[in-house]
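Trainee: Please give me a close look at one part of this model, the packing between its helices. Take in the residues at each contact and whatever bears on them elsewhere in the chain.

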Amino acid sequence: MSTPPPPPSDPTAVYTAGDFIRRVIESLFRAEFRGRVLCARCLVKQAKEHLDRSYAKRDVIEVIDELFVTPHPMQVVTGSCGLCTKKKVPCLGLPGLAA
Ligand SMILES: [Zn+2]
């Protein structure tokens with residue numbers, strides 16, 4: 001009976017760009033966009049502004065798209081974007097953090 005080697009435990013190894021972008025978005029909803037919801041377009045724009053230039057816009061868009069599919073702990077709602085004020089669009093927000 002041989003024990004297989006444990007998986008690598010370096011936390012940075014599993015820390016993907018997607019995770020990072022997700023955290024950036026989440027922190028936006030805890031700070032400047034507290035209590036507001038944002039549409040995908042604005043989220044991409046905001047994320048780009050808070051991220052290193054090394055992130056390709058295409059990658060950011062991909063992560064934002066995924067956020068709308070699996071938003072937890074954020075939530076997807078249909079409403080008015082808190083930034084561009086576009087109405088009846090799918091927006092992302094963080095519930096329980098009313099302004
Ligand atoms: Zn917007």
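**Helix packing**

Mentor: The axes of α1 and α2 cross at roughly 105 degrees and come within 10 Å of each other. Axes here are lines fitted to C-alpha atoms, for helices over the stretch in contact, with angles from 0 to 180 degrees between N-to-C directions. The model is predicted, so local features need pLDDT of at least 70 and side-chain atom pairs count only at pLDDT 80 or more, while totals for chains, interfaces and linings use all residues. Numbering starts from 1 along each chain as its sequence is written.

The chain has three helices and three strands, taken as DSSP runs numbered from the N terminus (helices H or I, at least four residues; strands E, at least two). Along the sequence they follow the pattern α-β-α-α-β-β. Helix α1 covers residues 17-30 and helix α3 covers residues 57-69, while α2 covers 40-50.

At the crossing described above, α1 and α2 are therefore roughly perpendicular to each other; the classes are roughly parallel under 35 degrees, roughly antiparallel over 145, roughly perpendicular from 65 to 115 and oblique for the rest. From α1, the residues I21, V24, I25 and L28 meet L43, Q46, A47 and H50 of α2, contact being C-beta atoms, placed from the backbone, within 7 Å. This contact of α1 with α2 has six nonpolar, two polar and no charged residues. The classes are nonpolar (Ala, Val, Leu, Ile, Met, Phe, Trp, Tyr, Cys and Pro), charged (Asp, Glu, Lys and Arg) and polar (the others, Gly among them).

Next, α1 against α3. The two axes come within 10 Å and cross at roughly 70 degrees, and α1 and α3 are therefore roughly perpendicular to each other. On the α1 side are A17, G18, I21, R22 and I25, and on the α3 side D59, V60, V63, E66 and L67. In the contact of α1 with α3 there are six nonpolar, one polar and three charged residues. I21 and I25 are listed in this contact and also in the contact with α2.

The remaining pair is α2 and α3. Their axes lie 10 Å apart at an angle of about 130 degrees, and the two helices are therefore oblique to each other. A40, L43, V44, A47 and K48 of α2 meet K57, V60, I61, I64 and F68 of α3. The contact of α2 with α3 has eight nonpolar, no polar and two charged residues.

K48 of α2 can be placed from both sides. Apart from neighbours within four places in sequence, K48 is in contact with K57 and V60. K48 also lies 9.1 Å from I21, C-alpha to C-alpha, although the two are 27 residues apart in sequence. With 17 C-beta neighbours inside 10 Å, K48 counts as partly exposed; a residue is buried with 20 or more other C-beta atoms (placed from the backbone) within 10 Å, exposed with 12 or fewer, and partly exposed in between.

By contrast, C42, L43, V44 and A47 are the buried residues of α2. What covers them includes α1, β1, α3 and β3. L43 and A47 also stand out in the largest nonpolar core: of its 20 residues, I25, L38, L43, A47 and I64 touch the most other members. Such a core is a set of buried Ala, Val, Leu, Ile, Met, Phe, Trp, Tyr and Cys residues joined through C-beta atoms within 7 Å. Two or more residues of this core come from each of α1, β1 (38-39), α2, α3 and β3 (89-93). I25 of α1 illustrates the arrangement: leaving aside neighbours within four places in sequence, I25 is in contact with L43, A47 and L67.

Over the chain, buried residues make up 21% of the 99 residues. Of the contacts between residues at least 6 apart in sequence, 60% join residues at least 24 apart.

Outside the helices, some loop geometry is worth noting. H72 and P73 are joined by a cis peptide bond with omega about 10 degrees, and P73 sits in the loop between α3 and β2 (75-79). The loop between β2 and β3 holds T85 and K88. Phi is positive for both non-glycine residues, near 60 degrees in T85 and near 50 degrees in K88. T85 is exposed, with 9 other C-beta atoms within 10 Å, and K88 counts as exposed with 9 C-beta neighbours inside 10 Å.

Methods:
Two residues are in contact if their C-beta atoms, placed from the backbone, lie within 7 Å.
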